[in-house]
Amino acid sequence: MKINYKFLEGSFIDRPNRFLTRIKYNGTIVESHLPDPGRLKELLKPGVRILLKKESGEHRKTKFSTQAVYDGDTLISLNTLLPNQFTAYLLTKRKIDFLKEWDIHKKEIPYGNHRFDFQLKRENEYMYLEVKSVTLVEKGIAKFPDAVTERGKNHVEHLGEMAKKGIRALVLFVVQRPDAKLFQPQWERDPKFGFALYKAWQKGLEVRVIHMKMTPNNLHYLGELPFNLNPES
């Protein structure tokens, strides 16, 4: 998928709060909105290379957004909205093997007290699809979440109950980097989410994991990754 805007390169200084970064760009220090509220401590280190996007919204507090970070030579997206856009692109282009027969029916679809990213349709069958962004990789293992997520836990619990009732539901983890070989919950940081996901999976919630490679101009689909949801392993 082509990225249709130009990045600016700077270097990370610090992060005053979850949604704000200070970046050295073009010889000055600028404040830049960070769209990923995760901890990101393994990525956002002083001096690392950052890709910014110039923003022009009338009511914005910052003129930039922090879009990606280099970990060595690996470029990692920090835009949590990008996986949804990428998933929609892959679905439209029939790139995801296990979803080739499905079309996007609706986006941001409510069910009960929750709202999910997509409702897919295949002939007379429907499926709810929730997309989760993954940026944390440790020793080749992609892990989610990297910060405690009550919202994420509630999402998978609700999807599990839907699956138990016979409603088809899928949670898709999109690993926004190419260096993962396996996916598992981040048990050390948020065991409640891990157990919620495992129980929902046992109730019939489908779980899949894909990953991608990012360059300054494109997102490249790298295919599916295996996963291990077992709390005892």
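Helices and strands are here runs assigned by DSSP, numbered from the N terminus, with at least four residues for a helix and at least two for a strand. The structure described is a predicted model. In this model, helix H1, residues 82-92, is followed by Arg 94, whose phi is positive, near 60 degrees. The briefing below treats an open sheet of six strands with mixed pairing, an open sheet of three strands, a hairpin formed by E5 and E6, and the helices H1, H2 and H3.

**The six-stranded sheet**

- The strands of this open sheet follow the order E7-E8-E9-E12-E14-E15, and their pairing is mixed.
- The edge positions are taken by strand E7 (103-111) and strand E15 (219-224); each has a single partner strand, so one side of each is left without a neighbour in the sheet.
- From one strand to the next, the twist averages 35 degrees.
- Strand E8 (residues 114-122) and strand E9 (residues 125-134) run antiparallel and are joined by five bridges.
- Within this pair, Lys 121 is found opposite Tyr 126 in E9.
- Helix H2 packs on the sheet, where it touches E7, E8, E9 and strand E12 (169-175).
- The direction of H2 makes about 40 degrees with that of E8.

**Strand E12 and its two partners**

- Seven bridges link E9 and E12, which pair in the parallel sense.
- Val 131 is placed opposite Leu 172 in E12.
- E12 also runs parallel to strand E14 (residues 206-214), to which it is joined by six bridges.
- The bridge partner of Val 175 in E14 is His 211.
- Seven of the seven residues of E12 are buried, so the strand is largely enclosed by the rest of the structure.
- In a regular strand, side chains alternate between the two faces of the sheet.
- In E12 both faces are covered: one side carries Ala 169, Val 171, Phe 173 and Val 175, the other carries Leu 170, Leu 172 and Val 174, and all of these are buried.

**Helices H2 and H3**

- The axes of helix H2 (residues 150-164) and helix H3 (residues 191-202) come within 8 Å of each other and cross at roughly 15 degrees.
- Because angles under 35 degrees count as roughly parallel, H2 is roughly parallel to H3.
- The crossing of the two helices is left-handed.
- On the H2 side the contact involves Gly 152, Lys 153, Val 156, Glu 157 and Gly 160; on the H3 side it involves Lys 192, Phe 193, Ala 196, Leu 197 and Ala 200.
- By class, the residues of this contact comprise five nonpolar, two polar and three charged.

**Helix H1 and Leu 91**

- Helix H1 (residues 82-92) is mostly covered, with eight of its eleven residues buried.
- The buried residues of H1 are Leu 82, Pro 83, Asn 84, Phe 86, Thr 87, Ala 88, Leu 90 and Leu 91.
- Leu 91, which lies in H1, has a relative accessibility of 4% and therefore counts as buried, the cut-off being under 20%.
- Leaving aside residues up to four places away in sequence, Leu 91 touches Leu 99, Ile 104, Leu 120 and Leu 129.
- Leu 91 and Trp 102 are separated by eleven residues in sequence, and their C-alpha atoms are 7.5 Å apart in space.

**The three-stranded sheet**

- Three strands form an open sheet in the order E10-E11-E13, with mixed pairing.
- Strand E10 (136-138) and strand E13 (182-185) are the edge strands, each pairing on one side only.
- Neighbouring strands of this sheet are turned against each other by 35 degrees on average, direction ignored.
- Strand E11 (residues 141-144) runs parallel to E13, and four bridges join the two.
- Ala 142 has Phe 183 in E13 as its bridge partner.

**The E5-E6 hairpin**

- Strand E5 (residues 64-71) and strand E6 (residues 74-77) run antiparallel and are joined by four bridges.
- Ala 68 faces Ser 77 in E6 as its opposite residue.
- The two strands form a hairpin with two residues between them.
- Gly 72, in the turn of this hairpin, has a positive phi of about 70 degrees.

Key
Residues are numbered from 1 along each chain as its sequence is written. This is a predicted model: local features need pLDDT of at least 70, side-chain atom pairs count only at pLDDT 80 or more; totals for chains, interfaces and linings use all residues. Side-chain values use heavy atoms; hydrogens and water are left out. Axes are lines fitted to C-alpha atoms, for helices over the stretch in contact, and angles run from 0 to 180 degrees between N-to-C directions. Angles under 35 degrees count as roughly parallel, over 145 as roughly antiparallel, 65 to 115 as roughly perpendicular and the rest as oblique. A crossing is left-handed if the near helix is turned anticlockwise from the far one by less than a right angle, and right-handed if clockwise. Contact means heavy atoms within 4.5 Å. Ala, Val, Leu, Ile, Met, Phe, Trp, Tyr, Cys and Pro count as nonpolar, Asp, Glu, Lys and Arg as charged, and the others, Gly among them, as polar. Buried means under 20% relative accessible area, exposed over 50%, partly exposed in between (1.4 Å probe, protein chains only). Two strands pair if DSSP finds at least two bridges between them.
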